[in-house]
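Student: I've got a new model open and would like to talk it through. Could we go from the overall fold down to single residues?

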Amino acid sequence: MSIILIGFMGAGKSTIAKLFSKNYIDLDEYISKKFEMEVSEYINKKGISSFRKIEEESLKSLVGKHEIISTGGGIIESLQNQKFLLNENNVVYLKADFNCLLQRLEKDKINRRPIFENLVRKELEELYYKRSIIYEILADEIIDTTDKKVEEVLAILKEFY
Ligand code: S3P
């Protein structure tokens, strides 16, 4: 069994997965190690469709092998992944208000995100609402992380699992 964290960029998926279990895997980190380049570099060099394919393969191959998996915000862009996640029983959606996510993303200077950098605010907001519906449908549990500290989110997740 693997807990799979989904949610928009800035939701805290990677941070929570790392704190939840030593046996965690971060999909972006996994892809980055495998191809020996940052995800942003991969997307810029090989294109977003190629990245989505890699995400599909990676997700499938890692589920069941780790206690918790953090995914990239765009994991649900692929229909194949949507079907896959629908059949999984431990999908947790880390949700947050758009403005809260925006603040977190603007503060995060370390992690480069082409999707965030290349879109204007209105486009990002549209993407947020489009994806939010899908995250909600696929989720078995939803945690609202808006204005919550990491420790609080972690405690809620631990109540579930
Ligand atoms: C993406 C989110 C990123 C990363 C890539 C694409 C997206 O992950 O996978 O830059 O399409 O939303 P985070 O959600 O961890 O930022």
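What follows is a set of questions and answers on this predicted model.

Student: Let's start wide. What pattern do the helices and strands follow along the sequence?

Tutor: Counting elements, the protein has nine helices and five strands. Reading along the sequence, you get β-α-β-α-α-α-β-α-β-α-α-α-β-α.

Student: And what radius of gyration does the protein have?

Tutor: The C-alpha atoms fill a box of roughly 40 × 35 × 25 Å along the principal axes. For 161 residues, a compact globule would come out near 15 Å, and the protein agrees with that, because its radius of gyration is 15 Å.

Student: Among contacts between residues at least 6 apart in sequence, what share joins residues at least 24 apart?

Tutor: Here we set aside pairs that are fewer than 6 places apart in sequence. Of the contacts that remain, the share joining residues at least 24 apart is 80%.

Student: What about the inside? Which residues have the most contacts in the largest nonpolar core?

Tutor: In soluble globular proteins, nonpolar side chains tend to be buried together. In this protein, buried residues make up 32% of the 161, and the largest nonpolar core has 31 residues. The elements giving two or more residues to this core are β1 (3-6), α1, β2 (24-26), α2 (27-35), β3, β4 (91-95), α8 and α9 (150-160). The residues with the most contacts inside the core are Ile4, Leu5, Ile6, Ile69, Val92 and Leu94.

Student: Let me pick Leu94 from that set. Which residues is it in contact with, leaving aside neighbours within four places in sequence?

Tutor: Leu94 is one of the residues with the most contacts inside the core. Some of its partners carry an annotation too: the unreviewed UniProt entry has a "binding site" covering Gly10, Ala11, Gly12, Lys13, Ser14, Thr15 and Arg113. The full list of contacts for Leu94 is Leu5, Gly7, Ala11, Gly12, Lys13, Ile16, Ile143, Thr145 and Val153.

Student: Then let's look at Ala11 and Gly12. Is Gly12 buried or exposed?

Tutor: Both Ala11 and Gly12 sit in the loop between β1 and α1. Ala11 has 25 other C-beta atoms within 10 Å, so it is buried, and its contacts beyond four places in sequence are Leu94, Ala96, Leu101 and Thr145. Gly12 touches Leu94, Thr145, Val150 and Val153 on the same basis. Since Gly12 has 21 other C-beta atoms within 10 Å and the cut-off is 20 or more, the label is buried.

Student: Now the ligand. How many nonpolar, polar and charged residues are in the shell around it?

Tutor: The surrounding residues are Met9, Lys13, Ser14, Asp28, Val39, Gly72, Gly73, Gly74, Arg113, Pro114 and Ile115. Two elements, α1 (13-20) and α7 (114-117), give two or more residues to that shell. By class, the shell has four nonpolar, four polar and three charged residues.

Student: Ser14 turns up in that shell. Which residues does Ser14 touch, not counting those up to four places away in sequence?

Tutor: Ser14 has its place in helix α1, and the unreviewed UniProt entry covers it with a "binding site" annotation. With 18 other C-beta atoms within 10 Å, Ser14 is partly exposed. The residues Ser14 touches are Asp26 and Ser70.

Student: Gly73 is in the shell as well. Which residues is Gly73 in contact with beyond its neighbours within four places in sequence?

Tutor: Another "binding site" feature in the unreviewed UniProt entry is placed at Asp28, Arg52, Gly73 and Arg131. Gly73 lies in the loop between β3 (68-70) and α5 (79-86). It counts as buried because it has 22 C-beta neighbours inside 10 Å. The contacts of Gly73 are Gly7, Phe8 and Met9.

Student: Arg131 is listed in that feature too. Why does Arg131 count as partly exposed?

Tutor: Arg131 is in helix α8 (residues 121-138), and its contacts outside four places in sequence are Phe8 and Ile76. Buried would take 20 or more neighbours. Arg131 falls short of that because its count of C-beta neighbours inside 10 Å is 19.

Student: One last pair. What separates the C-alpha atoms of Ser21 and Lys95?

Tutor: Ser21 lies in the loop between α1 and β2 and touches Glu67 and Ile68, not counting residues up to four places away. With 13 C-beta neighbours inside 10 Å, Ser21 counts as partly exposed. Ser21 and Lys95 are 74 residues apart along the chain, and their C-alpha atoms are separated by 20 Å.

Key. Residues numbered from 1 in each chain as written. Predicted model: local features only at pLDDT ≥ 70, side-chain atom pairs only at ≥ 80, totals over all residues. UniProt positions renumbered as here; feature names shortened; annotations may be inferred. Helix = DSSP H or I, 4+ residues; strand = E, 2+ residues; numbered from the N terminus. Buried ≥ 20, exposed ≤ 12 C-beta atoms within 10 Å, placed from the backbone. Contact = placed C-beta atoms within 7 Å. Near = placed C-beta within 6 Å. Nonpolar A, V, L, I, M, F, W, Y, C, P; charged D, E, K, R; others polar. Core = buried A, V, L, I, M, F, W, Y, C linked by C-beta atoms within 7 Å. Rg over C-alpha atoms; globule rule 2.2 N^0.38 Å.
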